[in-house]
Amino acid sequence: MTKKIPDTFILGAASSAWQTEGWSGKKEQQDSYLDKWFKEEQFVWHDGQGPDVATNFMQQYQEDIDLMKEINLTHYRTSINWARFFTDYEQLVVDEAYATHMDHVIDGLIAVGVEPILCLEHYELPAYYMEQYDGWSSKKVVDWYADYAKIVFERYGDRVHQWFTFNEPIVIQTRCYLDAIRWPHEQDTKKWMLWNFHKTLASAKAIAVFKEGKFEGRIGCVLNPEMVYPRSQSKADVHAAKMYDLFFNQVFFHPMVLGEYPEELITLCQEHNIYFDPTDEELEIIKQHTCDFLGINQYYPKRVKAPRFAWNEATPFHPEMYYESFELPGRRMNRSRGWEIYPTIMYDLAMYLQENYGNIPWFISENGMGQENEEQYLNEAGIVQDDYRIEFIREHLAELLRAVEAGANCEGYMLWAFTDCVSPMNAFKNRYGLVRIEVDETRARSLKKSAYWYRNLIETRQLE
Ligand code: BG6
């Protein structure tokens, strides 16, 4: 069966600054919190690879831009590296060399007909703020972030017209303070919730700056809702799914799209002593500055069931008090990444957005398939035969197009990622790109089979 892809539907690709740039030209004090983690705990990285070289985008970006042209890509989403944008994080002294690099990237993209979509933060919180101000625990960091946004809009706003304030704003604090699996490994649910709030406030303040400055275009945030499926339709399992949705999805969606927190979440936060005590003025800023549009990152479903054990009052509160993760027997898996493959999430996501958040425009800002040991799929011509990736995209896109036909306000699909790149958890172990990166001193690029397939998709706008 063939599906026609609407002419206005974006088919793009994404990546981020920190995951591609490498440290060429980076000054010692310009670590992001992930650079810091990398330096502290090198052993967690796969094969000794990390952000120090990444894809060496700092020096080889023009090669990527040329490849984008070769496959006729029309939209590319990436981020600005906040940690590298300044040399002083209190006086906000711009690193002219880095800012000029961003000029070149933006101009280079536009020159070949690729629209740049920029995000202000994708794991690039300056380590300085972590060390001196406990990161997003501090309202000063919120204000510095809004000032950073203003400087960036003033510099690039004449050429960039689609902005995101954050990529997956829930992730850092979930890894660092809820699950404590990343540096600084502290379990502190109250801090987790405070960071959630301060990032929502920071996003609203950046949106305010954008609107007050009358910059051309639109601004939103990239969120990563997990479509939650209860194990059964029993009251207890359904309640577990509802609570997961509240703590991990609605916590950002409600304030960022509707302008206020769900009452139930506020009550629960107060009950469990993780409330973030906002001022009336802060709540008003959030109310007045909601997102114009959303990017949605979507990879896998989340399955939950009612928790088996009663929560022990002696342990600090964790939302897991209300749910337990559940693995569906016989599920399809991407074994490399350990994620379930369930393309229906795309349709369900679209319906979830329509039902809960009305007409806000959105597009898929990330979806893709990480694969280990891709060299085994190289053919004699040196082209990775990644049919599994083509299949993955095809299935997910088909579900998304089904949702569009059903009236979803979805504007497009961006694949993660344009090139292979470093992942915070395991560097180059899982390859995601349409473009292969040789992890050697050349960092040579080559199109994979999926890149040729994607080019054909962009040209024909027919999904077979
Ligand atoms: C997304 C992130 O959640 O998942 C990306 O925005 C990330 O930055 C991608 O790389 C894939 O996850 P991972 O952990 O396999 O790199």
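**Figure 1. V304 and its partner across the β11/β12 pair.** In this predicted model, V304 sits opposite S325 of β12. Another pairing in the same two strands puts K305 opposite E324 of β12. Strand β11 covers residues 302-305 and is joined to β12 by two bridges, with the strands running antiparallel. On the β9 side the sense is parallel, and three bridges hold β9 to β11. There, V228 has K302 of β11 as its bridge partner. Put together, this is an open sheet of three strands in the order β9-β11-β12, with mixed pairing. Its edges are β9 (228-230) and β12 (324-325), each of which pairs on one side only.

**Figure 2. β10 with a parallel partner in β8 and another in β15.** Strand β10 takes in residues 293-297 and pairs with β8 (residues 218-223) in the parallel sense, over four bridges. Look for L223, whose bridge partner in β10 is I296. Strand β15 (residues 362-366) also runs parallel to β10, and four bridges join the two. In that pairing, L294 stands opposite W362 of β15. As a general point for reading such a view, side chains in a regular strand alternate between the two faces of the sheet.

**Figure 3. The shell around the ligand.** Here 13 residues surround the ligand, and the closest are N297, G370, S423, M425 and N430. What is the shell made of, in terms of nonpolar, polar and charged residues? It divides into two nonpolar, eight polar and three charged.

**Figure 4. Helix α7 and what it packs against.** Helix α7 runs through residues 139-156, and its end C-alpha atoms are 26 Å apart; that agrees with the 26 Å expected for 18 residues at 1.5 Å a residue. Its buried residues are V141, V142, W144, Y145, A146, Y148, A149, V152, F153 and Y156. These pack against α4 (82-85), α5 (96-111), β6 (115-119), α6 (127-133) and α9 (189-212).

**Figure 5. Well-connected residues of the largest nonpolar core.** This core counts 134 residues, and those with the most contacts inside it are A13, L120, Y145, A149, A206 and Y244. Helix α9 gives the most to it, with twelve residues. Two of the names in that list, Y145 and A149, also turn up among the buried residues of α7. For a feel of the packing, pick L120: setting aside neighbours within four places in sequence, it is in contact with I80, W82, A149, V152, F164, T165, F166 and A206.

**Figure 6. The buried residues of helix α2.** Helix α2 spans residues 33-40, and its buried residues are Y33, L34, D35, W37 and F38. What covers them includes α1 (17-20) and α6.

**Figure 7. E374, a charged residue that counts as buried.** E374 belongs to the loop between β15 and α14 (387-405). Why does E374 count as buried? It has 22 C-beta neighbours inside 10 Å, and 20 or more is enough. Leaving out residues up to four places away in sequence, E374 touches V384, D386, R431 and R436. Y432 is 58 residues from E374 in sequence, yet their C-alpha atoms are 9.8 Å apart.

**Figure 8. R335 in an exposed loop position.** R335 is placed in the loop between β13 (333-334) and β14 (339-340). Is it buried or exposed? Exposed, with 9 other C-beta atoms within 10 Å. Y323 is twelve residues away along the chain, and the C-alpha atoms of R335 and Y323 are separated by 24 Å.

**Figure 9. Two cis peptide bonds.** One cis bond joins W183 and P184, with omega about 5 degrees. P184 lies in the loop between α8 (171-178) and α9. Another cis bond goes from W416 to A417, with omega near 10 degrees. A417 is in the loop between β16 (410-416) and β17 (435-437). For context, most peptide bonds are trans.

**Figure 10. Positive phi at K214 and R461.** K214 has phi near 50 degrees, a positive value in a residue other than glycine. K214 sits in the loop between α9 and β8 and is exposed, with 7 other C-beta atoms within 10 Å. R461 has phi near 55 degrees, which is positive too. R461 is found in the loop between α15 (449-460) and β19 (462-463), and is partly exposed with 14 other C-beta atoms within 10 Å.

Note on methods. Residues are numbered from 1 along each chain as its sequence is written. This is a predicted model: local features need pLDDT of at least 70, side-chain atom pairs count only at pLDDT 80 or more; totals for chains, interfaces and linings use all residues. The expected span of a helix is 1.5 Å times one less than its number of residues. A residue is buried if 20 or more other C-beta atoms lie within 10 Å of its own, exposed if 12 or fewer, and partly exposed in between; C-beta atoms are placed from the backbone. Two residues are in contact if their C-beta atoms, placed from the backbone, lie within 7 Å. A nonpolar core is a set of buried Ala, Val, Leu, Ile, Met, Phe, Trp, Tyr and Cys residues joined through C-beta atoms within 7 Å. A residue is near a molecule or strand if its C-beta atom, placed from the backbone, lies within 6 Å of it. Ala, Val, Leu, Ile, Met, Phe, Trp, Tyr, Cys and Pro count as nonpolar, Asp, Glu, Lys and Arg as charged, and the others, Gly among them, as polar. Two strands pair if DSSP finds at least two bridges between them.
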